[in-house]
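Let's take a friendly walk through a protein structure with two chains in view. Have the picture ready and follow along as you read.

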2 protein chains.
Amino acid sequence: MSVSGTLRLLTAEGDGLRFEARIAERPIVMDGGRENADASPVQLLLATIAACEAMDVISILRKQRQVVTAYEVRMSGERAKEHPRRYVAIELVHRVTGRGVERGAVEEALRLSVEKYCSVHHCLRPDLPITNRIEILEG
Amino acid sequence: MSVSGTLRLLTAEGDGLRFEARIAERPIVMDGGRENADASPVQLLLATIAACEAMDVISILRKQRQVVTAYEVRMSGERAKEHPRRYVAIELVHRVTGRGVERGAVEEALRLSVEKYCSVHHCLRPDLPITNRIEILEG
């Protein structure tokens, strides 16, 4: 099972450093410049971790007939001060809104994602601490 | 030094599972469905690795007054067949087009990225093999 695509330099003027990734139908732009409107690779990495987990959780909750009406993840990552400025800690706050959603079901779905399903999570170094928190709202 | 943002469920109908990440000014959409126009998190992970390296390489080559006119990375990743279907091998082919670009300079820039600068690379598990190849074109 393989994934493939192309990354192409768009602009490299002044501080700007924009690349376009074609890896699905719609292209994605990343920007390594200082005042970037587009996400940088390391910003986007945080979003891929959160989205991978969230997609697993939603899929598992659906199978359990939990009624989820909204799902939001607040993501934050702390980076090392010295090169390579990798993440040293990540926190993801999963805010699940629904009708009578059971906390235990969300906790179990998240546990399954982290331990078994999340492909992005399992590409990361094992000593990178990722803290997942859950908030449940009725609505 | 911290990174933060929000991920929000857009649609969860049928097979569709689209999330929007707000982590820079322009939002990014990811799709976990089967026939996805937008990249999935694991596809996007591959693009963040390639873009992180490519941005380092371009920045280093600039400082060395190498004249790069185009830069493309062909990305491919092999995923495990069983859950978690993480990457088990990644290949990145860096195609650098320029005027008299020296192969040694590109090799050195890539080595510095991988060993010292690339924040995304250093978030990955050390046993994930990433093969970098270089092609240099005149133009």
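This report looks at a sheet and then at the interface between the chains.

## A sheet built from two chains

Please keep in mind that this is a predicted model. A good place to begin is an open sheet formed by six strands. Following the order 6(A)-5(A)-4(A)-1(B)-2(B)-3(B), you pass from strands of chain A to strands of chain B, and the pairing along the way is mixed. At the edges lie strand 6 (130–138) of chain A and strand 3 (28–31) of chain B, each of which pairs on one side only. From one strand to the next, the twist averages 20°.

Helix 2 (residues 103–117) of chain A packs on this sheet, where it touches strand 5 (87–99) and strand 6 of chain A. The direction of helix 2 of chain A makes about 150° with that of strand 6 of chain A.

## How the strands pair

Which strand of chain B does strand 4 (residues 67–79) of chain A pair with? The partner is strand 1 of chain B, and these two strands run in the antiparallel sense over seven bridges. You can find one place to look at E78(A), whose bridge partner in strand 1 of chain B is S2(B).

Within chain B, strand 1 (residues 2–11) also pairs with strand 2 (residues 18–22), in the antiparallel sense and over five bridges. Here L7(B) has A21(B), in strand 2 of chain B, as its bridge partner.

## Where the chains meet

Now for the interface as a whole. In chain B, 72 residues are in contact with 72 residues of chain A. The two chains bury about 6,300 Å² between them, and 67% of that is on carbon and sulfur atoms.

How many salt bridges are there between chain B and chain A? The count is two. R26(B) forms a salt bridge with D38(A), and the closest N and O atoms there are 2.7 Å apart. Across the interface there are also 26 residue pairs in polar contact.

## The side that chain B offers

Several elements of chain B each supply at least two residues of the side that touches chain A, including strand 1, strand 3 and strand 4 (67–79). Helix 1 of chain B gives the most to this side, with 16 residues. Sorted by class, the side of chain B that touches chain A has 39 nonpolar, 16 polar and 17 charged residues.

Technical notes: Residues are numbered from 1 along each chain as its sequence is written. Chains are lettered from A and ligands numbered from 1 in the order in which they are written. This is a predicted model: local features need pLDDT of at least 70, side-chain atom pairs count only at pLDDT 80 or more; totals for chains, interfaces and linings use all residues. Side-chain values use heavy atoms; hydrogens and water are left out. Two strands pair if DSSP finds at least two bridges between them. Helices (H or I, at least four residues) and strands (E, at least two) are DSSP runs, numbered from the N terminus. Axes are lines fitted to C-alpha atoms, for helices over the stretch in contact, and angles run from 0 to 180 degrees between N-to-C directions. Contact means heavy atoms within 4.5 Å. Buried area is the accessible area (1.4 Å probe) that two parts lose on being put together, summed over both. A salt bridge is a side-chain nitrogen of Lys or Arg within 4 Å of a carboxyl oxygen of Asp or Glu. A polar contact is a pair of N or O atoms within 3.5 Å; within protein, one must be able to donate a hydrogen and the other to accept it, and residues adjacent in sequence count only if both atoms are side-chain atoms. Ala, Val, Leu, Ile, Met, Phe, Trp, Tyr, Cys and Pro count as nonpolar, Asp, Glu, Lys and Arg as charged, and the others, Gly among them, as polar.
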